[in-house]
Amino acid sequence: MIEVRFHGRGGQGAVTAANILAEAAFLEGKYVQAFPFFGVERRGAPVTAFTRIDDKPIRIKTQIYEPDIVVVLDPSLLETVDVTAGLKEGGIVIINTEKSKEEVLEKLKKKPAKLALVDATTIALEVLGLPITNTSILGAVAKATGIVSIDKVEEAIKDTFSGELGEKNAKAAREAFEKTVVYEL
Amino acid sequence: MNTLNTLFGEKKAKAKKLVFKSVDEYPEVPLTLGTTLINFTGDWRTFIPIVDESKCVKCYICWKFCPEPAIYIKEDGYVAIDYDYCKGCGICANECPTKAITMVREEK
Amino acid sequence: MPKKVVSGNYAAAYAAKHARVEVVAAYPITPQTSIIEKIAEFIANGEAEIQYVPVESEHSAMAACIGASATGARAFTATSAQGLALMHEMLHWASGARLPIVMVNVNRAMAPPWSVWDDQTDSLAQRDTGWMQFYAENNQEVYDGVLMAFKVAEHRKVNLPVMIIESAFILSHTYDIVDMPPQEEIDEFLPPREPLYTLTDFDNPIAVGALGTPADYYEFRYKIEKAMEEARRVIKEVGKEFGEKFRRDYSQMIELYKTDDAEFIFMGMGSLMGTVKEAVDLLRKEGYKVGAAKVRWFRPFPKEELYKLAKNVEGIAVLDRNFSFGQEGILFNEAKGVLYNTDAHPIMKNYIVGLGGRDFTVSDIKTIAKNMKEIIERGKLDREIEWYHLKR
Ligand code: SF4
Ligand code: SF4
């Protein structure tokens, strides 16, 4: 089983990102589960959301404490939230940032095995005209982890948002997929 | 008598008391567990209301107020009382604006 | 078969739509759920022909469902916690008038303090209202539960309402795969309702809400209990038919998991049992002979199944995500009561877990397993009721 934790801020779509990742993995034929941190959400507040992916039905109904993959939608969270808390050995961290690998690593409490960086905000602004990074970051997830293909990510995005909105978001994910830089550490 | 204008007409004669002797005889749901038509409250009366049609202005206030109800409207528009059900409470006489109804002592 | 990744709440909404519900009455504000939101969306998009009645309170929502159901319509609603509590009086009316209404309740902790998290006390407090209660482990069971609920409720020998219960957040807001059969197959499984009576049969007018004097009231109570007894049979029948048609069997009122050779078992209801099953597999690898018993139907209570199960185990750890103040966990209380007059007397211990959404994990279950094993070896309880998570 692969466990993914998303960090975002209320309104950025971390919960939707977790759901779309689950949908994409489902389209790959996997068993999935996605859920928000069971809390009270407000716009701007730090938000976490989770996705579980497995080859067999997922029965476990608890929160995720030791993720395999951490996805950070908002670079400012690195200052205030320990995003690598509980990260498994060999874990992957994917971050939306303009910063360099060195700058980011300095802020992480725990060194992941793999670090993927993408400027998802710029992509979102260019493609969608909005700083909503939940779909573009999924392109980076596909690139860095291989748990889902970018094709299925695009399909899942189009299932979630209909019409032009779906097309644009899928495009943002594809662009992020291409622009993501992955570092083996 | 004009059955159309009575409240109960033929139903009065046909009314039967529902008695359930065993649990199986009961309906599944507590609906329509009986009818008050079998309940001849006329027995309770010690005073009997009498309508004086010459004073009646057909306002039907009595008809509205009778708690049983025992007052019905005849075809000619005047009110009449079904004494099988009139319990002699006197509300009609009290409410009648023209004092067309008087309560008279009844010896049975 | 079409599968969808949906939340527990959406699973419930889809099921209501697929069950061809005709009337939905709801108070659309907190503590209402996204179940009603989704149904409203179906109606707005022209995807479902449902009469939606927005009302001013949960009490009125249930009253409107009762009215609708009494005209012969298939009625549905949803609520949670304080909303369910406000419905309480009307719940008695629904069962007393023998109306097969189906309601999904999202198990949320009762205030104060305010909480929106999982806790079974809200629905269990409605234990004596004459409603059947089904606790779902996952989103699929929420969906399947609603479809089966209508069939059981509307069965001519039953005619009682059903509450389908799902955990707050853990199911209601968690996305999971739900398999939804094609509409034609559902229609075949769940034909239109044949009401026991209808208010709109103007040739045969009826009085509803009649007075029941001491000479008659008693018999009507007995009739409800008779219907509950019938429901035990009907539930198994419908569960079996569901399994044959849709390949998910619900013929057992208690789902047994690896209990055959178990020394002791965990017993509980709802979503926490998914985690328990996962833990059972891990514990077995560590040499524990354990199993799990998931009580699906709490009303009618599966007495016989519990007896058969209890006869073959040495201990039962009853996991209650609920509490009856002044007594103990509610499932524990019921289970002990069932076994008292039988020859099955395993050691039983009550663990109060997860109240108000406290996370209940695999490692918690392992700790409980260790404790149970010690108790069984000693042959004596350390204490009967354990507030498992309590910070000491
Ligand atoms: S209240 Fe008096 S006046 Fe009016 S209808 Fe009755 S008897 Fe006639
Ligand atoms: S006396 Fe009372 S019961 Fe009799 S007709 Fe008048 S109001 Fe009705």
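This is a short tour of a predicted model, going from the chain contacts to the two ligands.

**Chains A, B and C**

Start by colouring the model by chain. Two pairs of chains touch, and the pair with the most contacts is A and C. Chains A and B do not touch, and their nearest C-alpha atoms lie 42 Å apart. The other contact to visit is the one that chain C makes with chain B.

**Chain A against chain C**

Select the residues where chain A meets chain C: 19 residues come from chain A and 25 residues from chain C. Between them the two chains bury about 1900 Å², with 60% of that area on carbon and sulfur atoms. Now pick out Phe38(A), Arg59(A) and Lys61(A), the residues of chain A that lose the most area to chain C; together they make up 40% of what that side buries.

Stay on Arg59(A) and add Glu278(C). These residues form a salt bridge, with the closest N and O atoms 3.2 Å apart. The count of salt bridges between chain A and chain C is two. Seven residue pairs, both members at pLDDT 80 or more, are in polar contact across this interface.

Which elements of chain A give two or more residues to the side that touches chain C? They are helix H1 (14–27) and strand S2 (31–36) of chain A. S2(A) supplies the largest share of that side, six residues. By class, the side holds ten nonpolar, five polar and four charged residues.

Next, select S2(A) together with strand S8 (residues 175–179) of chain C. The two strands run antiparallel and are joined by two bridges. Within this pairing, look for Gln33(A), which stands opposite Asp176(C) in S8(C).

**Chain C against chain B**

Move to the contact between chains C and B, which takes 19 residues from chain C and eleven residues from chain B. The buried area here is about 1300 Å², and carbon and sulfur atoms give 66% of it. On the chain C side, select Glu219(C), Phe220(C) and Lys223(C). These residues supply 41% of the area that chain C buries against chain B, more than any other three residues.

Then show Glu28(B) and Arg98(C). They form a salt bridge in which the closest N and O atoms are 2.9 Å apart. Across the interface of chain C and chain B there are two salt bridges. Polar contact joins five residue pairs there, both residues at pLDDT 80 or more.

Helix H8 (residues 217–246) of chain C is worth colouring separately. H8(C) gives four residues, the largest share of the side of chain C that touches chain B. That side has twelve nonpolar, three polar and four charged residues.

**The two ligands**

Select ligand 1 and display the residues around it. Cysteines in this shell are Cys56(B), Cys59(B), Cys62(B) and Cys96(B). Other residues around ligand 1 include Val57(B), Lys58(B), Tyr60(B), Val79(B) and Pro97(B). The shell divides into ten nonpolar residues, one polar and one charged.

Finish at ligand 2. Which residues surround ligand 2? Cysteines in its shell are Cys66(B), Cys86(B), Cys89(B) and Cys92(B). The others are Pro49(B), Pro67(B), Ile71(B), Lys87(B), Gly88(B) and Gly90(B). By class, this shell has seven nonpolar, two polar and one charged residues.

Terms used. Residues are numbered from 1 along each chain as its sequence is written. Chains are lettered from A and ligands numbered from 1 in the order in which they are written. This is a predicted model: local features need pLDDT of at least 70, side-chain atom pairs count only at pLDDT 80 or more; totals for chains, interfaces and linings use all residues. Side-chain values use heavy atoms; hydrogens and water are left out. Contact means heavy atoms within 4.5 Å. Buried area is the accessible area (1.4 Å probe) that two parts lose on being put together, summed over both. A salt bridge is a side-chain nitrogen of Lys or Arg within 4 Å of a carboxyl oxygen of Asp or Glu. A polar contact is a pair of N or O atoms within 3.5 Å; within protein, one must be able to donate a hydrogen and the other to accept it, and residues adjacent in sequence count only if both atoms are side-chain atoms. Ala, Val, Leu, Ile, Met, Phe, Trp, Tyr, Cys and Pro count as nonpolar, Asp, Glu, Lys and Arg as charged, and the others, Gly among them, as polar. Two strands pair if DSSP finds at least two bridges between them. A residue is near a molecule or strand if one of its heavy atoms lies within 4 Å of it.
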